[in-house]
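Student: I have a model open in the viewer. Please show me how to read its features, one at a time.

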Amino acid sequence: MLELRNISLLFPEFSLKDVNLSIHEGEYYVILGLSGAGKSLLLECIAGMQQPNTGQVFLDGEDITRKKIQDRNVGYVFQNHAVFPHLNVFNNIAYSLRHKFPKEIIRQKVIKAAELVSIDHLLDRQPNTLSGGESQRVALARTLIRDPKCLLLDEPFSSLDVQLRDDLRALLRKLNRMGRTIIHVTHDYEEAISLAQKIAVFQDGKLIQQGDPFEVFANPVSEFVARFRGIRNFFKSKMISHNQTIIKNVIPLDIPIQEKISEGFIMFNSTDVKISKEKPTGKISNLFKGQITDIIPNFKGNEISIASEINLTSFIDHPELKILQLKIGDEVWASINPERIKFLPII
């Protein structure tokens, strides 16, 4: 349905570089990356607000790269909603239909679009009386009234509180179930994983990895992608036997048996890094002595940063932290069960 071929957009300080994407009709496609990664620029290329230096944009097989914004059958919802402050909700939604249809047809279309996003009771309101969530829905209705082939959303949750985010998430799922193709830009992993059928991860203007979200985050190709999933322990490594790898060319680590000896990455969850103040007795694989450099509490527990031969991150719950009486500066022993380590070969 929508295809980007070798899209590059060059600026003095930043560039999008050779982006290739294929998005099928009816997909919910999320573009994930940090602020400044080029995600919004990519949406602007699709919408026609930016012209790529090289590459092509195809919609249903038609090259729309040089088409004017108004001639592309795509709808763009801005991050700041861009609701017209001098028009009431009805006229905001109707704006793109002015002078194109009789008044009664416009009225019917506005009511239908407003009902779709549950704001038909707000049609007489002024923008300055709306909440952030209501303004977002007005912007959505104003875009949907044109019945675009695909809907482009730039950080749609950025200004919403938790409850409004849940409401908007449900609405977007509803629109997608109705067959609407949605391309959604975000920097938030949880937001992405809760909505995406396909995902693309961007870093510094480059497409790093794309595919099914669970496949992408189960098999990250870089530390950058792994960290989006919350994986803090991710290292480049080289196997020296079928069940052992080395990090930094010198630090050995036991891993589950692999079929082939190769280079790649290893990763393991923070909860699988077990720590103690006393050196464990008996034969313990993957044992490191280190020093706690930081303890970061959150609702679920505590993230423990450990400086060692390799920098490790452990996660323990609040009762365990109290039992161990850990504090910054303490020397500890950290171990990782080989069976909890995942090896990702470089293909």
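Student: Is Tyr-76 buried or exposed?

Tutor: First, keep in mind that this model is predicted. Burial is read from relative accessible area, and under 20% counts as buried. Tyr-76 has 12%, so Tyr-76 is buried.

Student: Which ring pairs with Tyr-76, and how are the planes set?

Tutor: Ring pairs are judged by centre distance and plane angle; under 30 degrees is stacked, over 60 is edge-to-face, and the rest is tilted. The structure holds six aromatic pairs. In one of them, Tyr-76 and Phe-78 have ring centres 4.6 Å apart. Their planes meet at 45 degrees, so this pair is tilted. Another pair, Phe-224 with Phe-228, is edge-to-face, at 5.3 Å between centres and 90 degrees between planes.

Student: Where do Phe-224 and Phe-228 lie?

Tutor: An α-helix has 3.6 residues a turn, so residues three or four places apart point the same way. Here, both Phe-224 and Phe-228 belong to helix H8, residues 223-228. They are four residues apart, about one turn of the helix. Phe-224 is buried at 17% relative accessibility, and Phe-228 is buried at 13%.

Student: Back to Phe-78. Why does Phe-78 count as partly exposed?

Tutor: Partly exposed runs between the buried cut-off of 20% and the exposed cut-off of 50%. Phe-78 has 33% relative accessibility, so the label fits. Phe-78 also joins Met-49 and Ile-69 in a nonpolar surface patch. Together the three have about 230 Å² of accessible area.

Student: Where is Met-49 placed?

Tutor: Met-49 sits in the loop between helix H1 (39-47) and strand S4 (54-59). With a relative accessible area of 32%, Met-49 is partly exposed.

Student: Now a whole helix. How many residues of H4 are buried?

Tutor: Count the covered residues, then look for what covers them. In H4, 11 of 13 residues are buried, so the helix is mostly covered. Among the buried ones are Gly-133, Arg-137, Val-138 and Leu-144. The cover includes strand S6 (74-77), helix H3 (103-116) and helix H5 (162-177).

Student: What length does H4 reach?

Tutor: H4 covers residues 132-144 and reaches 18 Å from its first C-alpha to its last. That is close to the 18 Å expected at 1.5 Å a residue.

Student: Last one. Which residues does Ser-15 touch?

Tutor: Skip sequence neighbours up to four places away, and the contacts are Leu-9, Leu-10, Asp-204 and Gly-205. Ser-15 lies in strand S2, residues 15-23. At 17% relative accessible area, Ser-15 is buried.

Key: Residues are numbered from 1 along each chain as its sequence is written. This is a predicted model: local features need pLDDT of at least 70, side-chain atom pairs count only at pLDDT 80 or more; totals for chains, interfaces and linings use all residues. Side-chain values use heavy atoms; hydrogens and water are left out. Patches are made of residues with over 30% relative accessible area and no salt bridge: like charges are joined within 9 Å, nonpolar side chains (Val, Leu, Ile, Met, Phe, Trp, Tyr) within 5 Å. Accessible areas come from the Shrake-Rupley method with a 1.4 Å probe; for residues, only the protein chains shown count as cover. A salt bridge is a side-chain nitrogen of Lys or Arg within 4 Å of a carboxyl oxygen of Asp or Glu. Helices (H or I, at least four residues) and strands (E, at least two) are DSSP runs, numbered from the N terminus. Buried means under 20% relative accessible area, exposed over 50%, partly exposed in between (1.4 Å probe, protein chains only). The expected span of a helix is 1.5 Å times one less than its number of residues. Contact means heavy atoms within 4.5 Å. Rings of Phe, Tyr and Trp (its six-membered ring) pair if their centres lie within 6.5 Å; planes under 30 degrees apart count as stacked, over 60 as edge-to-face and the rest as tilted.
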